[in-house]
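This briefing goes through one protein structure by topic. Please look at the sequence and the coordinates before reading the points below.

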Amino acid sequence: MSLPEEKIAKRALKAIEFICRQLSRFAKMTPVELMAYLRKNPKDAFCNIPHPKGNGHIHCGSLAWNKLNELVDLTIELDHGLGRRVGRKLAKEAVINAFVKRVLQEARGVDQETAMLLLKDALTILREKLVVIEHYLPCVLFPGDTPTEFSVGPVTFVRRSKFFDDKKSVLKHSIHVNTKAHIQCVKEAIAQGFPQERTHTKDESRQLVRKLQSRAVKAYKDYPWIACVKVSDCDEAISKERAIQATEMALHIIRILLGAKPTREIRLAWSRSGALRSAHLHADVHGVIHASLCADSLEPVGVINWHEALIRANLELDILGSALIPIVNPVETTHLHQRLIDAINWFGDAVTDPNIHSSIVKYVSAIERLFFGKFEAGRTKLFAGRVRDVLKAFNCDEEHHVYTKALELYKTRSALVHGEQFRTEDESFNSINIASELSRMCLLCSAQLYSMMLQAFENPDSAKLEEIMKRINDEGLNWLAEAAALGCAKHSPIR
């Protein structure tokens, strides 16, 4: 629930008054007293704000620094949507700049009007930082010559050769634009007093921009695919974070649709999953040191007929892909939408985790996130029954083995988290295969199941999800399909 503006203004006023008292306290200290204080309280040495005269900084202390954090929270309280689009660091800088301007430079009276003006100034600063950026992220993906591009929701994967052919003229034009910008930046630095002899000439600016772009393009050309994703109205840092998040999730969705094993090696170029090139030194029993080098493949990986498999899963690709839209255009998501996003991430983390035991826990967590609205005693049999009921409803349990596999899987997960681990590697590998396949099938079924829930009910919460799952157990899926067909909700945020 959002706080009323009057309450926000009162809280902001208290924080501002406290900050002013702390500034006054430090201002009264002599240099000797200040140094003695900072030796006893070293973390306060890093808590300062710009001097109102523009030269240097003034100490505010860690307690006032925390109050500035409180002002950041109150600023975001005025516009929750903005909080999804700007970073915390940038928001704090905006609040500090507004405080210095309104309270210290203008010496305004510290009252509720000033407090609200300060917060709204910070909002204005932050809104001016919002930009639309299209990000290009190199990836290791599939082999073959066709197709030259494909999309997973808002993320489009383009083969390297096509990408650079398409962007050839834009790259040349960008050198000209960026060179002009750099020359202007140099002029502004000189105007502010930076020594001219230490700055770049126009030719040096041009060479710098060309070299930077050339090195970046060379790094990209090592990879067979480029992911293109446009992020709307975020600050630059958050925009990049969301582009990476959306692309990682797009790769997870491909893993869900094609299976864990054939997609284990697909990845972003600079993903945290491991270095592409590495070396190793080791000594034998005689003390002789041996060296080895390792270069992970940069060539396309995965199954040859990958595109045909994606086309066959067109419905699930559409639904799961559209779950990425609120990431690249940050809006408030529905409860079910967030569950789906979380489950996709759990699955993707499980696929790429080198530790078998933690992978099993993540696969099971993905299923629980999808199918359980609350915790109940006796979860083991309930888990197995619920997985069986959903997969059976979507005709994914023709051999009637799902209940047994799910029951054994949950016991395995419980043993890993609460009890003893496996005795043999064979048992571990058998469990990871079951976990991967059950989690994958649950996600594929949930893509359609969640869409039906959102059509039948406006925005089901945890309690409603639990009620729906229990009713599926008792009555199957027909009643939900009929409710969805009635169109109780006008549109689905996932589809």
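On one side of helix H20, Asn478, Glu482 and Ala485 are exposed. Opposite them, the buried residues of H20 (residues 478-485) are Trp479, Leu480, Ala483 and Ala484. These buried residues lie on the same side of H20 because they cover an arc of only 135° around the axis, where the arc is that of the directions from the helix axis to the C-beta atoms. Buried means under 20% relative accessible area, exposed means over 50%, and partly exposed is in between (1.4 Å probe, protein chains only).

The model is predicted: local features need pLDDT of at least 70, side-chain atom pairs count only at pLDDT 80 or more, and totals for chains, interfaces and linings use all residues. Residues are numbered from 1 along each chain as its sequence is written, and side-chain values use heavy atoms, with hydrogens and water left out.

**Overall make-up**

- The protein has 20 helices and nine strands; these are DSSP runs numbered from the N terminus (helices H or I, at least four residues; strands E, at least two).
- Of the 495 residues of the protein, 43% count as buried.
- The C-alpha trace spans about 80 × 60 × 55 Å along the principal axes of the protein.

**Salt bridges**

- The whole structure contains 19 salt bridges, a salt bridge being a side-chain nitrogen of Lys or Arg within 4 Å of a carboxyl oxygen of Asp or Glu.
- One of them joins Asp73 to Arg88, with the closest N and O atoms 2.7 Å apart. Asp73 is in helix H3 (residues 61-78) and Arg88 in helix H5 (residues 88-105), so this pair ties together parts that are 15 residues apart in sequence.
- Both ends of that bridge are partly exposed: Asp73 has a relative accessible area of 41%, and Arg88 has one of 45%.
- Asp166 forms a salt bridge with Lys162, and their closest N and O atoms are 3.2 Å apart. Asp166 and Lys162 are separated by about one helical turn because they are four residues apart in helix H7 (residues 160-166).
- Asp166 is partly exposed at a relative accessible area of 44%, and Lys162 also counts as partly exposed, at 24% relative accessibility.
- Asp389 forms a salt bridge with Arg388, where the closest N and O atoms are 3.2 Å apart. Asp389 is buried, with a relative accessible area of 14%, whereas Arg388 is partly exposed, with 28%.
- A network of salt bridges links Arg102, Glu106 and Asp121.

**Charged surface patch**

- Arg160, Lys168, Lys172 and Lys221 form a positive surface patch. Patches are made of residues with over 30% relative accessible area and no salt bridge; like charges are joined within 9 Å, and nonpolar side chains (Val, Leu, Ile, Met, Phe, Trp, Tyr) within 5 Å.
- Lys and Arg count as positive and Asp and Glu as negative, while His and the chain ends are not counted.
- Lys172 sits in helix H8 (residues 168-191) and is exposed, with a relative accessible area of 59%.

**Backbone angles**

- Ala107 is not a glycine, yet has a positive phi of about 50°. Ala107 is in the loop between H5 and helix H6 (112-127) and is exposed, with a relative accessible area of 57%.
- Asp233, likewise not a glycine, has a positive phi of about 50°. Asp233 belongs to strand E6 (residues 225-234) and is partly exposed, with a relative accessible area of 35%.

**Separations along the chain and in space**

- Gln105 lies in helix H5 and counts as partly exposed at 47% relative accessibility. Between the C-alpha atoms of Gln105 and Gln338 there are 44 Å, and the two residues are 233 residues apart along the chain.
- Ile266 is in the loop between helix H10 (236-258) and strand E7 (267-268), where Ile266 counts as buried at 1% relative accessibility. From Ile266 to Lys89 the C-alpha to C-alpha distance is 33 Å, with their positions 177 residues apart in sequence.

Technical notes:
Areas by Shrake-Rupley, 256 points an atom, 1.4 Å probe, with all protein chains shown as cover. Charge placed at Lys NZ, Arg CZ, Asp CG, Glu CD.
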